[in-house]
Amino acid sequence: MVLKKFVESLSDKYSNSYTEGFTYSSDYELIIKLILSPRALEHKIEFLGNLIVSSYKDYKSLAMAPLDDIEEIIRPVGFFNQKAIRLKRAAFYISNTLDNKIPNTTYELMKIPGIGVKSARKYLSLRLNAEEIIIDTHFKRVLKRLNFISSNSKNSEIENWFKGLISQNIHSRSSNLISYFGKKICLNKKPKCEFCQYKRFCNFFSSVHNR
Ligand code: SF4
């Protein structure tokens, strides 16, 4: 299977059901949900992000909030204490240093506490329609299982390989579709192989079924 065909096939199958996993109606809400998102389930990001937005109306009020209160709100999410610190620091940095204006480059976005390269690219893709390759754990798992990349491939290598095979104007959508497939079907612990049409290309499936 070639990558382009795989992406086209995902697009045919999931273009109607595909979502970003959480909603947002402002930069503020998106930044909060991006900070909450590492290793978190989508419904928790959505619910707890909404609770933060309704509890603190802007960056300034979030920056001024007691850390204990933020922790209490987001306690159900993994690494809640680290994420509470990041939320508070990010809100302080955005309100004080950035004067509430979110930058439009990966480099500048990554200066915001809690925003790494993946979140920065996600932000640019969602808010500015930039074409970004968003490499997350789901994206890599799917590509490894389907033998597109090896288990020790570095992100920079994956990115260059991806750029060489997929048109730039569909980078965001293509990488998000692969990640979506990883979240919905090719799950980490119990992949739903019975619903998967790519079994014959899959290392994982053949290793489990040829034992
Ligand atoms: S066969 Fe199973 S493990 Fe392999 S790609 Fe499909 S869902 Fe993932």
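Why is α2 described as largely enclosed by the rest of the structure? Nine of its 10 residues are buried, so the surroundings wrap most of this helix. Buried here means under 20% relative accessible area, exposed means over 50%, and partly exposed is in between (1.4 Å probe, protein chains only).

Before you start clicking, keep in mind that this is a predicted model, in which local features need pLDDT of at least 70, side-chain atom pairs count only at pLDDT 80 or more, and totals for chains, interfaces and linings use all residues. Residues are numbered from 1 along each chain as its sequence is written, and side-chain values use heavy atoms, with hydrogens and water left out.

**Stop 1: helix α2**

Select residues 27-36, which form α2. Helices are DSSP runs (H or I, at least four residues), numbered from the N terminus. Show the side chains of Y28, E29, L30, I31, I32, K33, L34, I35 and L36, which are the buried residues of α2. Around them, add α3, α4 (59-64), α5, α6 and α8, against which these buried residues pack.

**Stop 2: α2 against α3**

Now bring up residues 42-55, helix α3. Two packed helices are described by the angle between their axes and the distance between the axes. For α2 and α3 the angle is about 130 degrees, and the axes are 9 Å apart. Axes are lines fitted to C-alpha atoms, for helices over the stretch in contact, and angles run from 0 to 180 degrees between N-to-C directions. That makes α2 oblique to α3; angles under 35 degrees count as roughly parallel, over 145 as roughly antiparallel, 65 to 115 as roughly perpendicular and the rest as oblique.

To see who touches whom, select Y28, E29, I32, K33 and L36 on α2, then I45, E46, L48, G49, N50, I52 and V53 on α3. Contact means heavy atoms within 4.5 Å. The crossing of α2 with α3 is right-handed, the term used if the near helix is turned clockwise from the far one by less than a right angle, while anticlockwise would be left-handed.

**Stop 3: α2 against α8**

Keep α2 on screen and add residues 117-128, helix α8. Here the axes come within 10 Å and cross at roughly 150 degrees. That makes α2 roughly antiparallel to α8, and this crossing is right-handed. On the α2 side, pick D27, L30, I31 and L34; they meet S119, K122, Y123, L126 and R127 of α8.

**Stop 4: L41 and L67**

Which loop holds L41? Look between α2 and α3. With 52% relative accessibility, L41 counts as exposed. Draw a distance from its C-alpha to that of V77, and you should read 8.1 Å, although the two are 36 residues apart along the chain.

Next, go to L67 in helix α5 (residues 67-74). L67 is partly exposed, with a relative accessible area of 29%. Leaving aside neighbours within four places in sequence, L67 is in contact with A84, I85 and K88. A distance from the C-alpha of L67 to that of Y28, 39 residues apart along the chain, comes to 18 Å.

**Stop 5: the loop between α6 and α7**

Select D99, found in the loop between α6 (80-97) and α7 (106-109). D99 is not a glycine, yet it has a positive phi of about 55 degrees. Then click N100 in the loop between α6 and α7. N100 is not a glycine either, and its phi is positive, about 70 degrees. At 42% relative accessibility, N100 counts as partly exposed.

**Stop 6: helix α1**

Residues 3-14 make up α1, a helix of 12 residues. From first C-alpha to last it reaches 16 Å, close to the 16 Å expected at 1.5 Å a residue; the expected span is 1.5 Å times one less than the number of residues. Color L3, F6, V7, S9, L10 and Y14, the buried residues of α1. They cover an arc of only 160 degrees around the axis, which puts them on the same side of α1. The arc is that of the directions from the helix axis to the C-beta atoms. Turn to the face away from the buried side to find K5 and D12, which are exposed. The cover over the buried residues of α1 includes α9 (137-145), α10 (155-165) and α11 (171-184).

**Stop 7: helix α10**

Finish at α10, where I158, E159 and F162 are buried. Seen down the axis of α10, these buried residues fall within an arc of 100 degrees, so they line one face of the helix. On the other side of α10, N160 and G164 are exposed. Show α1, α8, α9 and α11 to see what the buried residues of α10 pack against.

Key
Helices (H or I, at least four residues) and strands (E, at least two) are DSSP runs, numbered from the N terminus.
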